[in-house]
Amino acid sequence: MAEYNFSSIEQKWQQYWKAQGVYKVSLDLAKPKYYALDMFPYPSGAGLHVGHPLGYIASDIVSRYKRMKGFNVLHPMGFDAFGLPAEQYAIDTGQHPAITTENNIRRYKEQLENIGFSFDWDKEVQTCDPEYYRWTQWIFLQLFHSWYNQKTDRAEPIDTLISLLEKEGNQTVSAVCHEDTPSFSAEVWHQLSEKEQQQLLLKYRLTYLDDTVVNWCPALGTVLANDEVKDGFSERGGYPVERKKMKQWMMRITAYADRLLEGLNRIDWSESLKEMQRNWIGKSFGCELDFTVQGSEVVLTAFTTRPDTIFGVTYLTLAPEHEIIPQLTTPEQKEVVENYVQVARNRSERERMADVKTVSGVFTGTYAINPITKEAIPIWVADYVLAGYGTGVVMGVPSSDDRDFRFAQHFQLPIVAVIEGTEELPDPTVKKHGKMINSDFIDGMESTDAILAVIDKAEALGVGKPKVNYKMRDAVFSRQRYWGEPVPIYFVDEVPYPLKEEELPLRLPDIDEYKPTESGEPPLGRATDWKYQGQYPYELTTMPGWAGSSWYHFRYMDAKNQEAFVSKEDQSYWENVDLYIGGTEHATGHLLYSRFWTKFLYDRGFITVDEPYKKLINQGMIQGRSNFVYRVSGENKYVSYHLKDQYVTTPLHVDISLVKDDELDIAAFKKWRPDAVGAAFVLEQGKYICGAEIEKMSKSKYNVVNPDDMIAQYGADTLRMYEMFLGPLEQFKPWNTNGIDGVFKFLKKLWRLFHDEKGHFVVSEEAPSEEALKILHRTIKKTQDDIENYSFNTSVSSFMICVNELTSLQCNNRQILTDLVLILSPFAPHIAEELWHQLGHQESITKATFPQYDEQYLIENVFEYPVSVNGKMRTKMKFALDMPKEDIEKQVLASEQIQKWTAGKTPKKVIIVPKKIVNIVI
């Protein structure tokens, strides 16, 4: 084989690995385990672009390395296969989403296999497979059959709660439940009808039906989670989203708020991501205070973390979603309040929190009584108050809160300073703590002491109580779509009942169209004769996208098990994920929900761990390099980049395949864009030069680079190494196809170490030189350290240096090259496998052991000194580390290079700093 023929090499070894089942894994109690996992992809119709495999390559390097270090490695891949795009395509074309999804998965698998990943495809999961979502439904049923016992601080079977209610009612029960849950005795419980008992139990179950304000997207026909809405529009598709009240299935994730916070201290995640989850959970300490509406018995309860500022309260504000608003609004204010509420409630909570500049609100016309001062204050409605946090009622303290301050200034409401030193400040909110003023019985107290004093006073007066609050709300678990897991629930007299476990999976029925029914029911309402036992209606919503991804890491351990979602033996061995790689965009979605489900399954004794992912790395994004042409406004004329400022132009994205080194292929461009056939092109030096910009890789920007094209041109090993070479795994970095050639040349140079000029495989059996051993062992240590620290880009650099230095030594020593192939194999497995077999090995390199570096070859006994004359470096010279300074000085001054600069003059001084520099002062 004369040249490095990457195409035949890579096909050969991919077929071999598949035929031999090289990557299949099973329990091996004699070996330590290592579980490396990537966030599984949604199989879109577009397939992979070069940005997608970045994290997969990193986890594959670690997986291959750990195998060579003696670990039993689980490295699976699957597909998050339920999703809106396939359903939207079904709505447009009538093609069943299952067909679209199957085709897309086939394409994804083909692309992934071409890159040479060490996935065990026998462990593959697809969330849309009924044999998979059977267990998603099973977990839903366990949640339905559970409640959270605050005394034991864990989830327990609902039967234990029912037993308590039957014996003693709920007066001694300490549970996470609805706030409106009534107190009752055992006698009252027994008097309730079956329907009443079931409705009461819904207030305790960890998944329950409830009326809640949701993000409703009419265009998509479904409810969206908060993390799926951005600036009032759906993240997918950019459709308007409105807030409305609907009956939804909910998950009582709030029961786990404190444990979700505590668990962050025990996992190796970035601090920034942990902080995102802490902020999302939003735990705060304070109290609730009751404001009575003037002239009525209506009480508005406000949560505050700063009860010490009660004497600075000059108004009360309600969230636009608050149900009491119509009751409080006076006839004179009715129209203006209704108009404001209609607009404000359709902005998402996230958008309202982010928009700190806009000040808006409306006066209801009524007043409330401050429970401590007894003064009347106006009641307003404002969109900066969120229904989802606290009670949806905020006491306005303009002198202590920046939003309250801007609101009061805008609407000319009173501002009463309550912290000493804020009276004359242009913005009193800059000082948050200090001695209290204008505050009656807490005057002179420090604010921290005043907080406790006001809580005590409120409790004594019966107008308040201490309270711990959370921003996080229970998670909406319903989607008004077809392509998702059916909820295993049927209704009798409008009461939800669960299916029996042996009746799972409840499969998706066939329907004629994938749209909501004419009466507004979800698409499942179109199913004919789809009823439990032929008479009881099923739940018509489906589960959200995050359901299947909240537990998939356990299914990989035991993917074919028909008796359980994972066997006790498999889960006890694999435990949880050692390395998880994926994007930060899932911080408050998938990563939070999977932690919640894992803690629940742990509580119920189904698993042995309460966290799913020990270490998490958020890989950065590989950005695209877009190209632009510049069309002259009002003309069919395109002007080259450096001439565009002479015209009024509009930049237009152009497909990067039509551009090389920023030069446009005009003929190809005309074929790609027919309206440019007759266009004029204003050139510079006979060329049309395009503009360029680094942007997100996207089909709409025509800057997508297909990995298939890169593999066809350079090979999978080159692609793998180049993606790692681009920069640190966590950072964003631009793709530049021009740069990949350097890595390709490196692999060809590596190949030549093993082959002579005629392409014959030639290695030497002689003992290696000490210099070659130093180069090798330095590289072994560097590679090991880099992989252990996930610094893959510097490993690629060290390989290049190593090969260059060995080439300079004309080293083709078998011992050196054998170890070099081994340490390179996690990065470039195909060429490594080929060279390994050429070296005479019969078994796959994946079964080999990662070489150990020898410390004796890492100890440097010489140092190369930069030698300067009057501060300017003139040459470099090597000296033994133990050489006396006097001898170094003699050899430096005798050097021809230095004598050229000293010109026979006697130096005033020779400065020698050991292992640093030599400087000659003339």
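**Exercise 1. Determine which residue in β17 stands opposite Met 250, and place the two strands in their sheet.**

Step 1. Met 250 faces Val 476 of β17. Strands here are DSSP runs of E with at least two residues, while helices are runs of H or I with at least four, numbered from the N terminus.

Step 2. β9 and β17 are antiparallel and share 2 bridges; two strands count as paired if DSSP finds at least two bridges between them. Strands of a sheet pair through backbone hydrogen bonds, either parallel or antiparallel.

Step 3. The open sheet has 4 strands in the order β6-β5-β9-β17, with antiparallel pairing. Its edge strands, β6 (222-224) and β17 (475-476), each pair on one side only.

The model is predicted: local features need pLDDT of at least 70 and side-chain atom pairs pLDDT 80 or more, whereas totals for chains, interfaces and linings use all residues. Residues are numbered from 1 along each chain as its sequence is written, and side-chain values use heavy atoms, leaving out hydrogens and water.

**Exercise 2. Describe how strand β5 is joined to strand β9, and identify the helix that lies across them.**

Step 1. Strand β5 (residues 207-217) and strand β9 (residues 242-251) run antiparallel and are joined by 10 bridges.

Step 2. Asn 215 has Arg 243 of β9 as its bridge partner, and Tyr 208 stands opposite Met 250.

Step 3. The helix is α5 (residues 130-144), which lies across β5 and β9 and runs at about 90 degrees to β9. Such angles run from 0 to 180 degrees between N-to-C directions, with axes fitted to C-alpha atoms, for helices over the stretch in contact; contact means heavy atoms within 4.5 Å.

**Exercise 3. Decide whether Asp 80 is buried or exposed, and list its contacts beyond four places in sequence.**

Step 1. Asp 80 is located in the loop between β2 (72-74) and α3 (84-93).

Step 2. Asp 80 is buried because its relative accessible area is 18%; buried means under 20%, exposed over 50%, and partly exposed in between (1.4 Å probe, protein chains only).

Step 3. Leaving aside neighbours within four places in sequence, Asp 80 touches Phe 40, Pro 41, Tyr 42, Pro 43, Thr 127, Gly 545 and Ser 549.

**Exercise 4. Characterise the chain as a whole.**

Step 1. The chain holds 29 helices and 35 strands.

Step 2. Of its 922 residues, 55% are buried.

Step 3. Its C-alpha atoms fill a box of roughly 105 × 75 × 70 Å along the principal axes.
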